[in-house]
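Visitor: I would like to learn how to read a ligand site and a surface patch. Could you take me through them one at a time?

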Amino acid sequence: MVSPADTIYALSSGAGLAGVSVVRVSGPNADAVLTALGVPVLPEARYVALHKLTSGPGGAVLDQALVLRFPAPNSFTGEDVAELHVHGGRAVLAAVFDAISGTGLARHAEPGDFTRRAFENGKLDLTAAEGLADLVAAQTDAQRRLALRQYDGVLADLYEGWRARLIDLMGHAEAEIDFSDEELPDGMRAATEERIAVLNAEITQHIVGADRGEHIRSGFPIVILGAPNVGKSSIINHLAQREAAIVSETAGTTRDVIEVQLNLGGFAVTLSDTAGIREASDAIEAEGVRRAEQRAEDAALRLVVLDATDGTLPEKVRALIAGDCLVVVNKADLLRGKYAAPGLPEGIVPILVSAETGDGLDGLLDRLTGEVHDRLGASEAPLPTRRRHRDALGEASTALAHVPDAAYPELAAEDVRVALRALGRITGRVDIDDILDTVFRDFCIGK
Ligand code: GDP
């Protein structure tokens, strides 16, 4: 008999009370598990059959289930797969899991096991596996669309296309090693370098989209900044429509960074509330200010909040009004007369709001939605979505940029080889051992 380690099972639908739950079994013992659970005749491949599941031949009935088989290699994992559609609910699942593990034919799956097997059996490449993890985790429409396209193979096709072109160019580079200049057609070297430059321009252009890809996938980072007590937490609470940050009247309360996730016009946004920026009075507050300033550096957009009743603009706050930044003037309800801006940098038009009355906050939300849409919503071109894509693409691009400087044809060929490996690592064609654990760590059990 095959070792149970070769066959895995897990709940593949969501946990919790449900009408139906799907238990997936994958591996050489999948059919044997069905037989052991009292399924008398194995259903035909990809046909559904209704059966009573039992704890073993002649054992107690556990549930009625729809049973499906996907024999290898035509299954998600590429192995024999069985699916049990049982009634959702804790006791049913506990009984079915006990029965399966009681057969000694299968073990419970680890996170990402099913997809990892699909990858190992050539059913999908690493970018598609990542796309699948993202699709399951997607909370917004933009995340869903990006993940689905990646799962569908847009990145794999792009990178494999580049690899195919490089393999072709590799032949030219190697010809230069093997033959003298006289033996080679005129202008071959220049033509090869030109084609490499064109390809590298495409890679560079693609890397430019990495921020967009990562921001769509993990949330567009907006940070809210300002002096203590200007109403940062009140604004964030209003925007998040829940009590995410502590609102208090004592200056300097939000000492750490608090994050809320928002869905603005179909895009995921991570809005961070930070400690008030001022000369800190103690070490803990100073650390809060340091973190706030760090967040300001990393954010794609800053919201700098000022107090409408305060006619001054501290230097530390003024320094934050730079780059991608909106200035929000809060406590408009306390204004008597017109707002007199305290020497704002030129071209800054402040947005007047009141977190107390809610005035202006819908406008602020619309403005933020527009800003996010402008930055993330443009084309449907394939985008890198992870740091590891960006790093490997950067490595490929740097290597290709070295080709014209190579002193010997051998070195030019080596540069092309480095670029090929870097691209191959993204789809999982080469050097896979180092990256598999990182990629599949993000999965849930049952995927
Ligand atoms: P933070 O330190 O910048 O996060 O400021 P908080 O959100 O904790 O607010 C500081 C104080 O200002 C609290 O007492 C709030 O109730 C008050 N506050 C916040 N926004 C407004 C506003 O628009 N109008 C008025 N009148 N008070 C506000």
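Visitor: Which atom of the ligand does a polar side-chain atom of K331 lie 3.2 Å from?

Guide: Bear in mind that this is a predicted model. A pair of N or O atoms counts as a polar contact within 3.5 Å. Here, the partner of the polar side-chain atom of K331 is an oxygen atom of the ligand, 3.2 Å away. For N330, an N or O atom of the side chain lies 3.0 Å from a nitrogen atom of the ligand. G231 takes part through its backbone: one of its N or O atoms there is 2.9 Å from a ligand oxygen atom.

Visitor: How much of the ligand's exposed area does the protein bury?

Guide: The ligand taken alone exposes 570 Å², and 86% of that is buried by the protein.

Visitor: Which residues around the ligand come nearest?

Guide: The ligand has 17 residues around it, and N229, K232, S233, S234 and D333 come nearest. Helix α9, residues 232-240, gives the largest share of this shell, with three residues. By character, the shell divides into seven polar, five charged and five nonpolar residues.

Visitor: Now for the surface. Which residues form a nonpolar patch there?

Guide: That patch is formed by V48, L50 and L66, which together have about 270 Å² of accessible area.

Visitor: Is V48 buried or exposed?

Guide: A residue is called exposed when its relative accessible area is over 50%. V48 has 52%, so it is exposed. To find V48, look in the loop between α1 (30-36) and β3 (49-54).

Notes
Residues numbered from 1 in each chain as written. Predicted model: local features only at pLDDT ≥ 70, side-chain atom pairs only at ≥ 80, totals over all residues. Heavy atoms only, no water. Near = heavy atom within 4 Å. Polar contact = N/O pair within 3.5 Å; in protein donor to acceptor, adjacent residues only side chain to side chain. Areas by Shrake-Rupley, 256 points an atom, 1.4 Å probe, with all protein chains shown as cover. Helix = DSSP H or I, 4+ residues; strand = E, 2+ residues; numbered from the N terminus. Nonpolar A, V, L, I, M, F, W, Y, C, P; charged D, E, K, R; others polar. Patch = residues over 30% accessible without salt bridge, like charges linked within 9 Å, V, L, I, M, F, W, Y side chains within 5 Å. Salt bridge = Lys/Arg side-chain N within 4 Å of Asp/Glu carboxyl O. Buried < 20%, exposed > 50% of the residue type's maximum accessible area, 1.4 Å probe, protein only.
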